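Below is a colleague's note on the model, set out as numbered points. The ligand surroundings come first, and the helix packing follows.

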Amino acid sequence: MSERSFLAWPFFEDHHRALAAEIAAWTAATIAPHEGAEEDVDGLTRRFVAALGEAGWLRYVVPAEFGGAHAGLDLRSLCLIRESLARVSALADTAFAMQGLGSAPIALFGTPALKERYLPLVRAGRQIAAFALSEPEGGSDVAGLRMTARRAGEHYVLDGRKTWISNGGIADHYIVFARTGEAPGAKGLSAFIVDAETPGLAIAERIGVIAPHPLATLAFEGCRVPADRLLGRPGDGFKIAMATLDIFRATVGAAALGFARRALEEALARSRKREAFGKTLAEFQATQLRLAEMATEIDAAALLVYRAAWAKDRLGGRVTREAAMAKLYATEAAQRVIDAAVQLWGGMGVVRGVPVERLYREIRALRIYEGTTEIQKLVIAAQLLSATA
Ligand code: CAA
């Protein structure tokens with residue numbers, strides 16, 4: 001059982017405390033039996049999405065009007081759910097997160113008809129969602145993206161490639177960002193919902209990565225998308241991408257927190273049990289110092305993650321700086337905590353399938369996706385400099 005004292009912090013309300021207990025119990029019963037599974041990633045992801053829908057957890061990724069749990073997205077709930085899932089299965093965490101990332105642009109910027117068409121299915125776990133922003137030429141420079149969308153009567157025609165797309169190959173729809181050219185750079189992008197079976201959209205390749213994850217490159221060639229699948233107005237694409245990332249970046253921090261808490265639990269268990277030089281590892285001060293550092297980094301990460309979530313939920317407005325700090329610190333800290341756990345486990349820590357070995361592989365991508373560590377630093381610096389100008 002994970003450490004729970006943080007739930008007494010003033011960021012939370014009683015319903016969050018109840019939620020944390022419920023999702024932990026559900027994860028233990030439903031997801032834990034699949035812990036460590038690395039085969040049939042697509043099938044497992046589909047089953048996780050369906051199970052999350054059936055159990056009602058996907059109510060947290062859509063607004064109440066479409067069967068959701070809250071009027072809008074409650075970021076603290078999203079973070080608590082990701083933490084709990086990530087503690088046991090990175091794949092289950094991704095399955096949950098992508099239903100949010102791949103539907104929030106619809107909830108935030110879609111027409112009533114689009115919301116009605118997509119959100120109830122996403123909530124039920126019967127429509128797998130994806131978010132297609134990155135391109136082979138670059139993922140960090142969103143304003144420079146090259147994929148084009150040209151208006152042709154009642155359609156837009158999409159041409160170009162997207163890559164590193166989570167759920168690529170198994171998604172039922174993709175939120176696709178493309179250049180419509182209203183202005184140069186950031187102000188000339190638009191966002192579209194593209195159904196997976198749309199002619200002209202193909203899976204160019206599936207990508208195998210360090211830890212199991214459904215991932216693909218998508219190819220769009222003369223892909224005709226009905227004009228009513230545009231989200232917001234032409235030219236709103238950059239704003240839509242950033243507004244969505246501002247919400248979900250804090251949740252990436254929460255997933256990292258779930259990994260880190262699990263690593264600390266594993267380190268504590270090993271330290272109490274493993275003997276060397278006639279005493280347990282826990283009796284060595286060197287171990288105690290390491291454990292103290294891990295716990296302190298975890299609390300610091302949790303403070304930043306839940307500060308960002310609380311600010312979004314309770315203060316409203318942009319949380320760009322808070323979300324960037326939460327993602328930056330929590331993912332980097334989790335990498336350090338997990339590395340320390342592997343070291344405490346010694347040779348056993350690098351044996352394939354041991355929890356700390358799995359965490360060591362799983363954490364790495366979080367420092368890259370949804371804005372690299374370096375991009376988060378630039379975002380924070382831009383906020384600082386604009387505030388003091
Ligand atoms: N919210 C609202 N508006 C924003 C904003 C935000 N968070 N960030 C910037 N803007 C506005 C700016 O105010 C500016 O508007 P004005 O011109 O009117 O002043 C405009 O948008 C352009 O902003 P910048 O000049 O800051 O843009 P930039 O091109 O210099 O850099 C960036 C922006 C922060 C680097 C951005 O491109 C970025 O976040 N890049 C990283 C993208 C990313 O996260 N990629 C990962 C892909 S998604 C993914 O990973 C999903 C997955 O795997 C599951």
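1. A word on terms before the ligand is discussed: helices here are DSSP runs of H or I with at least four residues, numbered from the N terminus. With that numbering, helix 7 supplies the largest share of the shell around the ligand, namely five residues. Please keep in mind throughout that this is a predicted model.

2. Around the ligand there are 23 residues, and those that come nearest are Ser140, Lys187, Arg249, Glu370 and Gly371. Sorted by class, the residues of this shell comprise 12 that are nonpolar, six that are polar and five that are charged.

3. Several polar contacts to the ligand can be described atom by atom. Arginine 249, one of the residues that come nearest, places a polar side-chain atom 2.8 Å from an oxygen atom of the ligand. For glycine 139 the contact is made by the backbone, where an N or O atom lies 3.2 Å from a ligand nitrogen atom, whereas threonine 320 uses its side chain, an N or O atom of which is 3.3 Å from a nitrogen atom of the ligand. As for cover, the ligand taken alone exposes 1,100 Å², and the protein buries 67% of that area. The elements that give two or more residues to the shell are helix 4 (90-101), helix 7 (237-273) and helix 11 (373-388).

4. Turning to packing, helix 7 also contacts a neighbour in the fold: helix 7 and helix 8 pack at an angle of about 155°, their axes being 9 Å apart. Helix 7 is therefore roughly antiparallel to helix 8, and the crossing of these two helices is left-handed.

5. Helix 8 (residues 285-315) packs in turn with helix 9 (residues 320-345), at an angle of about 160° and with the axes 8 Å apart. Since angles over 145 degrees count as roughly antiparallel, helix 8 and helix 9 are therefore roughly antiparallel to each other, and their crossing is left-handed. The contact of helix 8 with helix 9 contains 18 nonpolar residues, together with two polar and six charged ones.

6. What angle do helix 2 and helix 4 make where they pack? Helix 2 (residues 41-54) and helix 4 pack at about 60°, with their axes 9 Å apart, and that angle makes helix 2 oblique to helix 4. Helix 2 passes helix 4 in a right-handed crossing, whereas the crossing of helix 7 and helix 8 is left-handed. Helix 4 is also among the elements that give two or more residues to the shell around the ligand.

Note on methods: Residues are numbered from 1 along each chain as its sequence is written. This is a predicted model: local features need pLDDT of at least 70, side-chain atom pairs count only at pLDDT 80 or more; totals for chains, interfaces and linings use all residues. Side-chain values use heavy atoms; hydrogens and water are left out. Axes are lines fitted to C-alpha atoms, for helices over the stretch in contact, and angles run from 0 to 180 degrees between N-to-C directions. Angles under 35 degrees count as roughly parallel, over 145 as roughly antiparallel, 65 to 115 as roughly perpendicular and the rest as oblique. A crossing is left-handed if the near helix is turned anticlockwise from the far one by less than a right angle, and right-handed if clockwise. Ala, Val, Leu, Ile, Met, Phe, Trp, Tyr, Cys and Pro count as nonpolar, Asp, Glu, Lys and Arg as charged, and the others, Gly among them, as polar. A residue is near a molecule or strand if one of its heavy atoms lies within 4 Å of it. A polar contact is a pair of N or O atoms within 3.5 Å; within protein, one must be able to donate a hydrogen and the other to accept it, and residues adjacent in sequence count only if both atoms are side-chain atoms. Accessible areas come from the Shrake-Rupley method with a 1.4 Å probe; for residues, only the protein chains shown count as cover.
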